[in-house]
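Please open the model in a viewer and keep a selection tool at hand. The stops below are arranged as a sequence of selections.

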Amino acid sequence: MKSLKIIYVIIVVIIIFLSGYFLGNIKNSKVSREIRIGYNHSDYPDRIDYQNVFTDGDNQEIIDNFLMIYLQKEKIENLYLEQDPDIYIRVTSPKRSVELIDSKVWFTKEGTIIGERIAEGWEQTEYYRIDEDDANYIKKTVQYKED
């Protein structure tokens, strides 16, 4: 009789532990950072197709590296590019429904330029330069193919 009570207690403890474990995994598995890589649509120039999506749940290293690239960028004064960007990069927080970074990237012969939107529209954009290693990392990660 006493051993039967001990077995029941052990089973109840295991059930409580497992349910807490699975509930914790479900609750904490929500993505907190997401990077979307987009390209101009070939038929509709005003449309951007986001083909690559990286999340911190699946690719924490990529998220960290992209954020470090954005932290180390060097500001450029008085620059305006008329050509379409090569890629678009958006960093969002799906957990909070917030867009953290909305940017355009140009891979030029003079170096890689990032245009970051600082207001509601693209009328207010700040431009930055990143070094060649960071540009190569972005190209490799998004599998960018130069024309």
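Is V12 buried, partly exposed or exposed? Select V12 as the starting point of the tour of this predicted model. The residue sits in helix α1, which covers residues 2-28. With a relative accessible area of 46%, V12 is partly exposed, because this value falls between the 20% limit for buried and the 50% limit for exposed.

Next, add K109 to the selection and draw a C-alpha to C-alpha distance. K109 lies 97 residues from V12 in sequence, and the two are 67 Å apart in space.

Remain on α1 and move to F17, which belongs to that helix as well. F17 has a relative accessible area of 57%, so it counts as exposed, the threshold being over 50%. A second C-alpha distance may be drawn from F17 to R36: 37 Å for a sequence separation of 19 residues.

Colour by confidence at this point. The mean pLDDT of the protein is 86, and 95% of the residues score at least 70. Among the elements, α1 has the lowest mean, 77, while α3 has the highest, 94.

**The nonpolar cores**

In soluble globular proteins, nonpolar side chains tend to be buried together. Select I35, I37, F66, I87, I89, I138 and V142: within the largest nonpolar core, which has 21 residues, these touch the most other members. At least two core residues come from each of β1 (34-40), α2 (60-71), β4 (87-93), β5 and α3 (132-142). The largest share, 5 residues, is supplied by α2.

Centre the view on I35 and display its surroundings. Beyond its neighbours within four places in sequence, I35 contacts N52, V53, F54, I62, I63, F66, I89, R90 and V91. A second core, separate from the first, has 5 residues, including I76, L81, I113 and Y127.

**The largest pocket**

Keep L81 and Y127 selected and add Y80, K104 and W106. These five lie nearest the centre of the largest pocket, among the 15 residues that line it. What is the volume of the largest pocket? The value is about 260 Å³. To follow the lining along the chain, highlight β5 (98-108) and β7 (125-130), each of which supplies at least two of its residues. Colouring the lining by class gives 8 nonpolar, 3 polar and 4 charged residues.

From K104, draw a C-alpha distance to A119. The separation is 14 Å, with their positions 15 residues apart along the chain. A119 itself is in the loop that joins β6 (111-117) and β7. A119 is partly exposed because its relative accessible area, 26%, lies between the limits of 20% and 50%.

**Two backbone stops**

Select S97, in the loop between β4 and β5. Although S97 is not a glycine, its phi is positive, at about 55°. S97 is exposed, with a relative accessible area of 69%.

Where does Q143 lie? This final selection is in the segment after α3. Q143, which is not a glycine either, has a positive phi of about 55°. Its relative accessibility is 58%, and Q143 therefore counts as exposed under the criterion of over 50%.

How values were computed:
Residues are numbered from 1 along each chain as its sequence is written. This is a predicted model: local features need pLDDT of at least 70, side-chain atom pairs count only at pLDDT 80 or more; totals for chains, interfaces and linings use all residues. Side-chain values use heavy atoms; hydrogens and water are left out. On a 1 Å grid over the protein atoms alone, a cavity is a set of points where a 1.4 Å probe fits but cannot get out, and a pocket is an open set with protein on both sides within 12 Å along at least five of seven lines; lining residues have an atom within 4 Å of a point. Grid points are joined across faces, edges and corners, and a volume is the space filled by probe spheres set on the points. Helices (H or I, at least four residues) and strands (E, at least two) are DSSP runs, numbered from the N terminus. Ala, Val, Leu, Ile, Met, Phe, Trp, Tyr, Cys and Pro count as nonpolar, Asp, Glu, Lys and Arg as charged, and the others, Gly among them, as polar. A nonpolar core is a set of buried Ala, Val, Leu, Ile, Met, Phe, Trp, Tyr and Cys residues joined through side-chain atoms within 4.5 Å. Buried means under 20% relative accessible area, exposed over 50%, partly exposed in between (1.4 Å probe, protein chains only). Contact means heavy atoms within 4.5 Å. pLDDT is the predictor's confidence in each residue, from 0 to 100.
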